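Q: I'm new to this one and would like to walk through it piece by piece. Could you start with any term I'll need, and then take my questions as they come?

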There are 2 protein chains.
Amino acid sequence: MLRLSKLTDYAVVVLTRLDDAAEGGVLTAPVLAGNTGLAEPTVAKVLKILAHAGLVEGRRGALGGYRLTRPLATIPLIEVITAMDGPIALTACVDNSFGVCESESACPVRGRWDPVNEAIRRALTGISIADLAGPPAIVPHPEPAFPIFAAE
Amino acid sequence: MLRLSKLTDYAVVVLTRLDDAAEGGVLTAPVLAGNTGLAEPTVAKVLKILAHAGLVEGRRGALGGYRLTRPLATIPLIEVITAMDGPIALTACVDNSFGVCESESACPVRGRWDPVNEAIRRALTGISIADLAGPPAIVPHPEPAFPIFAAE
DNA sequence: GCAATTAGGACCTTGATGGTCCGGATTGCA
DNA sequence: TGCAATCCGGACCATCAAGGTCCTAATTGC
């Protein structure tokens, strides 16, 4: 299905809700769970991963919570996907690990998936989380030119 | 990981190998299995799905086999992915089926994934199977302009 | 009639994903 | 100083779809 994980979907929702916090304020995992309608342990898991990626910042103790480290408009979608799902890699043969594919010698598309991955990577880089959460009006993207096969 | 299924990967390999057949000739599943290094039942499965999608044509009986219905250059990658994996849909909330998501009322990104799916869809439409199997030299794509957020 | 081949589907196994839970560390407050 | 709230890190298990195999028809050529 070429789908991304639910955790990534949750992450986008949580990030947009986290944006509702007052300036400099923090939101706790239970509060975010309530706001999003997601289960609290799940939200906590998402926040931990996002914190590990540096997208959010956790503060412990009483009056602790999470807050964004950057405005949503400066967070490209691919960064969230990479944080939650790992690097974009449509197939297993994208890395240069030889010897793992038994069809290696006969495979005619070996190494050819890279441009595809790159094309998708660029598409996801050009969309910010703010674009997903923003007002209904679509904001034209500042980088309209999009050559699929750039010079390698 | 944002990966597509192995079957799709196999499909691309099989299609490129199928292109080796002589003009008008056919290749049988066992032969293709030998050429690709994949298991014969797996190749047969892939071919059946591709035949159902109209990308290849099967001929039964003795001297039967499969052949391409179109040149590889005219088959966009997305067509193979759609045939093998189903339609591109990064998240479950892309269709307009209301009432299935318990967080529906609180979800701030509802319906906002469509542009993302569309962006990826375009990226994959601009790449043909021939591009994946072709010579190392990258062929510049005839449709370089790629507005992420087109007017809706 | 027989062999070769595709067509269609059932079946089982395996791995990743989704989701939950627990103990420990940190912080603020009484 | 003790306590409560909260994040942090990881382990754990259930579920589900993907991967892969196999079997039985249907078709075709010799």
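A: One term to begin with: a residue is called buried if its relative accessible area is under 20%, counting protein chains only. Please also keep in mind that this is a predicted model.

Q: OK, so which residues of helix α4 of chain B are buried?

A: In helix α4 of chain B, which covers residues 77-85, the buried residues are B:Leu77, B:Ile78, B:Val80, B:Ile81, B:Met84 and B:Asp85. Looking down the axis of α4(B), these buried residues fall within an arc of 160°, so they line one face of the helix.

Q: And what do the buried residues of α4(B) pack against?

A: They pack against α5 (114-125) of chain A, and also against α1, α3, α5 (114-125) and α6 (129-133) of chain B. Just after α4(B) comes B:Gly86, which takes a positive phi of about 90°.

Q: Let's switch to the DNA. Which residues come nearest to strand D?

A: There are 22 residues around DNA strand D, and those that come nearest are A:Arg60, A:Tyr66, B:Lys6, B:Lys45 and B:Arg59. Of the atoms of DNA strand D that come within 4 Å of the protein, sugar and phosphate account for 73%.

Q: What part of strand D does the side chain of B:Lys45 reach?

A: An N or O atom in the side chain of B:Lys45 is 2.7 Å from a base nitrogen of DNA strand D. For the side chain of B:Arg59, the partner is a phosphate oxygen of that strand, at 2.2 Å from an N or O atom, while an N or O atom in the side chain of A:Arg60 is 3.3 Å from a sugar or linking oxygen of DNA strand D.

Q: Which elements supply the surface near strand D?

A: At least two residues each come from β1 (56-59) and β2 (65-68) of chain A, and from α1 (6-18) and α3 (40-52) of chain B. The largest share, 3 residues, comes from α1(B). By residue type, the surface near DNA strand D divides into 8 nonpolar, 7 polar and 7 charged residues.

Q: What about strand C, which residues come nearest there?

A: Around DNA strand C there are 23 residues, of which A:Lys6, A:Lys45, A:Arg59, B:Arg60 and B:Tyr66 come nearest. Sugar or phosphate makes up 72% of the atoms of DNA strand C within 4 Å of the protein, and the rest belong to bases.

Q: Which elements supply that surface?

A: Near DNA strand C, α1 (6-18) and α3 (40-52) of chain A, together with β1 (56-59) and β2 (65-68) of chain B, each supply at least two residues. The residues of this surface divide into 9 nonpolar, 7 polar and 7 charged.

Q: Where do the phosphate oxygens of strand C come in?

A: One phosphate oxygen contact of DNA strand C is with the side chain of A:Arg59, where an N or O atom is 2.3 Å away. Backbone atoms take part too: a polar backbone atom of A:Lys6 is 2.4 Å from a phosphate oxygen of DNA strand C, and a polar backbone atom of B:Ala29 is 3.0 Å from a phosphate oxygen of that strand.

Q: Back to those β elements in chain A: how do β1(A) and β2(A) run?

A: They run antiparallel and are joined by 4 bridges, and A:Arg59 has A:Gly65 in β2(A) as its bridge partner. The two form a hairpin with 5 residues between them, and A:Gly61 in the turn has a positive phi of about 75°.

Q: And how many helices and strands does chain A have overall?

A: Chain A has 6 helices and 2 strands, which run α-α-α-β-β-α-α-α from the N terminus on. Of its 152 residues, 44% are buried.

Q: Last one: is B:Ala33 buried or exposed?

A: B:Ala33 is buried, because its relative accessible area is 7% and buried means under 20%. This residue sits in helix α2 (residues 29-36) of chain B. Leaving aside residues up to four places away in sequence, B:Ala33 touches B:Leu38, B:Ala39, B:Glu40 and B:Val43. The C-alpha atoms of B:Ala33 and B:Val14 are separated by 8.4 Å, with the two residues 19 apart along the chain.

Key:
Residues numbered from 1 in each chain as written. Chains lettered and ligands numbered in written order. Predicted model: local features only at pLDDT ≥ 70, side-chain atom pairs only at ≥ 80, totals over all residues. Heavy atoms only, no water. Near = heavy atom within 4 Å. Polar contact = N/O pair within 3.5 Å; in protein donor to acceptor, adjacent residues only side chain to side chain. Nonpolar A, V, L, I, M, F, W, Y, C, P; charged D, E, K, R; others polar. Buried < 20%, exposed > 50% of the residue type's maximum accessible area, 1.4 Å probe, protein only. Arc of directions from axis to C-beta. Contact = heavy atoms within 4.5 Å. Pairing = 2+ DSSP bridges.
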